[in-house]
Amino acid sequence: MLLIKCDTCERTFWVDGHTTPDGWMEPGEVVTDLDSADELCNCLSEGGSFSVIEEEHPTFGDEC
């Protein structure tokens with residue numbers, strides 16, 4: 001899950017997705033199709049830009 005902020009209206013949304021790590025020759029990427037439990041703002045629905053604020057990783061209680 002990614003917490004993103006619309007660069008136009010500055011609203012925030014949790015969306016399905018993740019970031020990839022930086023490589024030696026290229027930066028990491030944001031991978032998402034902007035699926036959100038909340039309805040996205042018109043800016044993002046029309047293809048507007050956004051910034052990633054936070055990334056949440058799933059945790060599993062039985063891992064060491």
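When I say contact today, I mean heavy atoms within 4.5 Å. Keep that in mind for L34, which I'll come to in a bit. Okay, and one caveat up front: what you see on the screen is a predicted model.

Let's start with the sheet. Four strands make an open sheet, and the order across it is β3-β2-β1-β4, with antiparallel pairing. At the edges sit β3, residues 30-36, and β4, residues 50-55, and each of those pairs on one side only. Going from one strand to the next, the twist averages 40 degrees.

Now zoom in on β1, residues 2-6. This strand pairs with β4 through five bridges, in the antiparallel sense. If you want a register marker there, find L3: the residue opposite, in β4, is E54.

On to the core. Which residues make up the largest nonpolar core? There are nine: L2, I4, C6, F13, V15, L34, L40, C41 and L44. Two elements, β1 and β2, give two or more residues to this core, and β1 gives the most, with three. As a general point, nonpolar side chains in soluble globular proteins tend to be buried together.

Look at L2 for a second, since this core member has a long contact list. Setting aside residues up to four places away in sequence, L2 touches F13, W14, V15, G17, H18, T19, V30, V31, T32, V52, E54 and E55.

And here's L34, as promised. L34 is in strand β3, and it belongs to that nine-residue core. Which residues does L34 contact, if we skip its neighbours within four places in sequence? They are I4, V15, L40, L44 and F50. What about D62? The sequence separation from L34 is 28 residues, and the C-alpha atoms are 30 Å apart.

Last topic: backbone angles. Most residues other than glycine have a negative phi. L34 isn't a glycine, yet its phi is positive, about 55 degrees. E10 is another non-glycine residue with a positive phi, near 65 degrees. Where is E10? You'll find E10 in the loop between β1 and β2, the latter being residues 12-19. Is E10 buried or exposed? E10 counts as exposed because its relative accessible area is 55%, and the cut-off for exposed is over 50%. L34, by contrast, is listed in the nonpolar core, and a core of that kind is a set of buried residues.

So, two residues to click on after this: E10 in its loop, and L34 in β3. That's it from me.

How values were computed
Residues numbered from 1 in each chain as written. Predicted model: local features only at pLDDT ≥ 70, side-chain atom pairs only at ≥ 80, totals over all residues. Heavy atoms only, no water. Pairing = 2+ DSSP bridges. Axes fitted to C-alpha atoms, helices over the stretch in contact; angles between N-to-C directions. Buried < 20%, exposed > 50% of the residue type's maximum accessible area, 1.4 Å probe, protein only. Core = buried A, V, L, I, M, F, W, Y, C linked by side-chain atoms within 4.5 Å.
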